[in-house]
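Visitor: Please take a close look at the interior of this model. I would like the cysteines, the core, the cavities and the unusual backbone spots in one connected account.

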Amino acid sequence: MNAPAAGPVNRMDLMARFQEVRAQTERLCAPLAVDDYQVQSVLETSPPKWHLAHVSWFFETFLLKPFAPGYLPFHPRFEYLFNSYYETLGSFHPRAQRGLLSRPTVEEVYRYRAHVDEAMFTLMHAISQERWGDVAGRITLGLNHEQQHQELLLMDIKHNFAMNPLRPAYQEKLAAAAESITPLRWIEREGGIAEIGHDGGGFAFDNETPRHDVLLRDHALASRPVTNGEYLEFIESGGYGDAMYWLADGWAAVRENGWCAPLYWEKHDGHWWHMTLAGFLPLNRAEPVCHVSFYEADAYARWAGKRLPREEELETMLAKQRVEGNFVESGLLHPSPATSPADGQWYGTVWEWTRSAYSPYPGFQPLAGSLGEYNGKFMANQMVLRGGCCATPRSHMRASYRNFFYPHDRWPFTGIRLAADR
């Protein structure tokens, strides 16, 4: 089996990174009560307990079983319980029933993690230098996979808490944010032939490859995402009630689901509030709008007389920026307002919908074997998002990163950046 591209190849560096990523997952779960680990509020989410076990299953399945002679799995049925979607590895527990698993207990899942960690450190110490390249590549993939689940953990916890009438808070409070909206600036960009895709330096998922030429047409990008206040204008103008702004599937979703505002928004006594990881709070109009579907993002862009960016337009712009912004390391875990109209707001805060369908790049080849199921088989019926969000680890982000969700999805930290033809 081919190995994915490796990150740190130095043994001690990779062991240190393994320890840090694994510890971060458990730090994110530290504010939870034991009862919180069990909840699965909708099909799209998973219980925190399942996330903790699944990322350990990944290392057990793709590293310990093939590379650690004599390794004894922690439990013979965990292979079935915590396989997410790898058909080539056998059957797996239905996703919709993950919240029904009262056993294994939370305590047993943490023992499973400790069991896997101990075996992984033994493997990293003992593996021969000849085999280190393959092992290092898979470990790096596993760590990036776990970072994806760290982000999903926060998204899922937020949805789980939002469904609770008590409106519990994951963290005590949000830092005070500016309430004045930074003026939006349009950045004019010339068209031409450009390259996108990962350049081969460091780790990348297979869906970021191969690097290839694209044709950019003259266009303009907004310097920051759309704010809550700007989106409110769309709501108050009747945008959710006017079919002319909506794609057919989007209009059907609006009517079927009764959408009239982004997910987590509620109006009380004439004022808008929304659910955050710090509980139920008044809406700040200066913050980027969040938890909107692709359909809502597209409808807003049409209402505004603009469009959503293409993924190549965003990638070539992101490639010119430093990877700085409101990532998980800020501890805010909430979208933050733009502060500088000159520099713009490019990374972090909210994942930005593009108008690009999630499909393979020309010449795309998935990883060989079961790891090829990681991305390639999802390249249909989903849309690409770019730039990261307030729950994304900074070390996980790069200009070529392609996230993807279904167009109706609203529970991720998803927002809107406008683009325009020139």
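Guide: A disulfide is a pair of cysteine sulfur atoms within 2.5 Å. This is a predicted model. By that cut-off, a search of the whole structure finds 0 disulfides. Take cysteine 29, which is in no disulfide. Its nearest cysteine sulfur belongs to cysteine 389, 17 Å away. Cysteine 29 has 0% relative accessibility, so it counts as buried. Cysteine 389 has a nearer partner to check. The closest cysteine sulfur to that of cysteine 389 is in cysteine 390, at 4.9 Å, which is too far for a bond. Cysteine 389 is also buried, with a relative accessible area of 0%.

Next, the core. The largest nonpolar core has 110 residues. Met120, Tyr231 and Ile416 touch the most other members. Among the contributors, helix H5, residues 129-162, gives the most to this core, with 12 residues.

Stay with tyrosine 231. Leaving aside residues up to four places away in sequence, tyrosine 231 touches Val226, Tyr240, Pro262, Trp265 and Val289. Its contacts also include Val292, Glu296, Tyr300 and Ile416. Ile416 is thus a contact of tyrosine 231 and another of the residues that touch the most other core members.

Trp265 leads on to the cavities. The structure holds 3 cavities of 30 Å³ or more. The largest has a volume of about 80 Å³. Its lining is made of 14 residues. Trp265, His274, Cys290, His291 and His334 lie nearest its centre. By class, that lining has 8 nonpolar, 4 polar and 2 charged residues. Trp265 therefore appears twice, as a lining residue of the largest cavity and as a contact of tyrosine 231, where contact means heavy atoms within 4.5 Å.

The second largest cavity holds about 50 Å³ of space. Gln38, Pro47, Lys49 and Trp50 are among its lining residues. Phe82, Arg98, Leu101 and Pro104 line it too. The class count here is 5 nonpolar, 1 polar and 2 charged residues.

Pro104 brings in the backbone. Most residues other than glycine have a negative phi, and most peptide bonds are trans. The peptide bond from arginine 103 to proline 104 is cis, with omega near 5 degrees. Proline 104 lies in the loop between helix H3 (78-81) and helix H4 (106-126). Another cis peptide bond joins threonine 209 and proline 210, with omega about -5 degrees. Proline 210 sits in the loop between strand S2 (192-196) and strand S3 (212-216).

Now phi. Arginine 167 is not a glycine, yet its phi is positive, near 50 degrees. Arginine 167 is found in the loop between H5 and strand S1 (186-189). H5 is the helix that gives the most to the core. With a relative accessible area of 24%, arginine 167 is partly exposed. Tyrosine 264 also has a positive phi, about 80 degrees, although it is not a glycine. Its loop runs between helix H7 (248-257) and strand S5 (265-268). At 8% relative accessibility, tyrosine 264 counts as buried, because the cut-off for buried is under 20%.

Notes
Residues are numbered from 1 along each chain as its sequence is written. This is a predicted model: local features need pLDDT of at least 70, side-chain atom pairs count only at pLDDT 80 or more; totals for chains, interfaces and linings use all residues. Side-chain values use heavy atoms; hydrogens and water are left out. On a 1 Å grid over the protein atoms alone, a cavity is a set of points where a 1.4 Å probe fits but cannot get out, and a pocket is an open set with protein on both sides within 12 Å along at least five of seven lines; lining residues have an atom within 4 Å of a point. Grid points are joined across faces, edges and corners, and a volume is the space filled by probe spheres set on the points. Ala, Val, Leu, Ile, Met, Phe, Trp, Tyr, Cys and Pro count as nonpolar, Asp, Glu, Lys and Arg as charged, and the others, Gly among them, as polar. Buried means under 20% relative accessible area, exposed over 50%, partly exposed in between (1.4 Å probe, protein chains only). A nonpolar core is a set of buried Ala, Val, Leu, Ile, Met, Phe, Trp, Tyr and Cys residues joined through side-chain atoms within 4.5 Å. Helices (H or I, at least four residues) and strands (E, at least two) are DSSP runs, numbered from the N terminus.
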